[in-house]
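Reader: I'm new to this one, and I'd like to learn how to read it. Could you walk me through it?

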Amino acid sequence: MIGIIHQLDKFERKCVKPVIGSVVYCDLFSNLASHSGIYIGSNQIVHLNGKGQVEMVSPERFTAGTTASTINVSCCGKKPVGSNIASNRAKKKLNTSRKYNLLFDNCHQFVAGCLIGDFDGNANNFLWILEMTMEEKLKFDNWLPWGF
């Protein structure tokens with residue numbers, strides 16, 4: 001019964017639209033992993049793709065090839081939160097490349113770099129670690145779905 005209530009809560013949550021510099025993520029491989037990026041406005045997300053390229057994509061391209069049914073937005077309470085500085089850092093990295101590694105140099109480390117300004121020395125390689133950085137930098141406390 002609890003699982004059914006949890007599912008209902010998931011669908012009853014209000015959708016939000018990200019603000020400039022919001023962190024966004026979607027699930028990969030049926031919730032076994034996740035993929036994150038920075039919303040920069042105009043329905044565009046900057047992310048580090050699996051080939052190590054920093055690119056700007058639409059929400060549809062962000063979730064393409066994943067099992068994601070939604071994109072989640074960084075929020076404080078019911079309001080999306082973001083950082084203009086993070087958005088600007090993400091844009092400055094467009095069309096650059098990194099030595100992508102699923103565990104040690106991935107999208108979450110890139111997003112953390114956008115938030116803190118250190119793209120190489122941070123250890124935010126998993127979403128749960130990135131969330132701790134988001135708590136400090138964005139006053140993040142939960143995720144809400146994006147109704148794109």
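Reader: Let's start simple. How many helices and strands does the protein have?

Author: Keep in mind that this is a predicted model. Its secondary structure comes to 5 helices and 7 strands.

Reader: In what pattern do they follow each other along the sequence?

Author: Reading along the chain, you get α-β-β-β-β-α-β-β-α-α-α-β.

Reader: And the overall build? What radius of gyration does the protein have, and what would a compact globule have?

Author: The idea is to compare the value with the one expected for a chain of that length. For 148 residues, a compact globule would come out near 15 Å, and the protein has 14 Å, so the two agree. If you'd rather think in terms of a box, the C-alpha trace spans about 45 × 30 × 25 Å along its principal axes.

Reader: What share of the residues is buried?

Author: A residue counts as buried when its relative accessible area is under 20%. Here that applies to 45% of the 148 residues. As for the outside, the protein exposes about 8200 Å², with carbon and sulfur atoms supplying 56% of that area.

Reader: What do the contacts say about residues that are far apart in sequence?

Author: Take the contacts between residues at least 6 apart in sequence. Of these, 60% join residues at least 24 apart.

Reader: Now a single strand. How many residues of E2 are buried?

Author: E2 is mostly covered, with 8 of its 9 residues buried. It runs from 33 to 41. Look at its partners too: strand E1, residues 23-28, pairs with E2 in the antiparallel sense over 6 bridges. One place to find this pairing is Val23, whose bridge partner in E2 is Ile38.

Reader: And which sense does the pairing of E2 and E3 have?

Author: E2 and E3 are antiparallel as well, with 3 bridges. There you can spot Gly41 opposite Gln44 in E3.

Reader: What should I look for in the turns of these hairpins?

Author: Check the phi angles. Most residues other than glycine have a negative phi. In the hairpin of E1 and E2, 4 residues lie between the strands, and Phe29 in the turn has a positive phi of about 50°. The hairpin of E2 and E3 has 2 residues between its strands, and there Ser42 takes a positive phi near 50°.

Reader: Is Ser42 buried or exposed, and why?

Author: Exposed means over 50% relative accessible area. Ser42 has 68%, so it counts as exposed.

Reader: Where does Asn95 lie, and what is its phi?

Author: Asn95 sits in the loop between helix H3 (84-92) and helix H4 (107-116). Its phi is near 65°, a positive value in a residue other than glycine. With a relative accessible area of 74%, Asn95 is exposed.

Reader: You mentioned H4. How many of its residues are buried, and what do they pack against?

Author: H4 is mostly covered: 9 of its 10 residues are buried. Among them are Cys107, Phe110, Val111, Cys114 and Leu115. The buried residues of H4 pack against E1, E2, E3, strand E4 (54-57), H3 and helix H5 (127-138). That list includes E2, the strand we looked at before.

Reader: One last thing. How far apart are the mean positions of the positive and negative charges?

Author: The idea is to average the places of each kind of charge, then compare the two points. For the 16 positive and 12 negative charges of the protein, the mean positions are 7 Å apart.

Note on methods
Residues numbered from 1 in each chain as written. Predicted model: local features only at pLDDT ≥ 70, side-chain atom pairs only at ≥ 80, totals over all residues. Heavy atoms only, no water. Rg over C-alpha atoms; globule rule 2.2 N^0.38 Å. Buried < 20%, exposed > 50% of the residue type's maximum accessible area, 1.4 Å probe, protein only. Contact = heavy atoms within 4.5 Å. Areas by Shrake-Rupley, 256 points an atom, 1.4 Å probe, with all protein chains shown as cover. Lys, Arg positive; Asp, Glu negative; His and termini not counted. Charge placed at Lys NZ, Arg CZ, Asp CG, Glu CD. Pairing = 2+ DSSP bridges.
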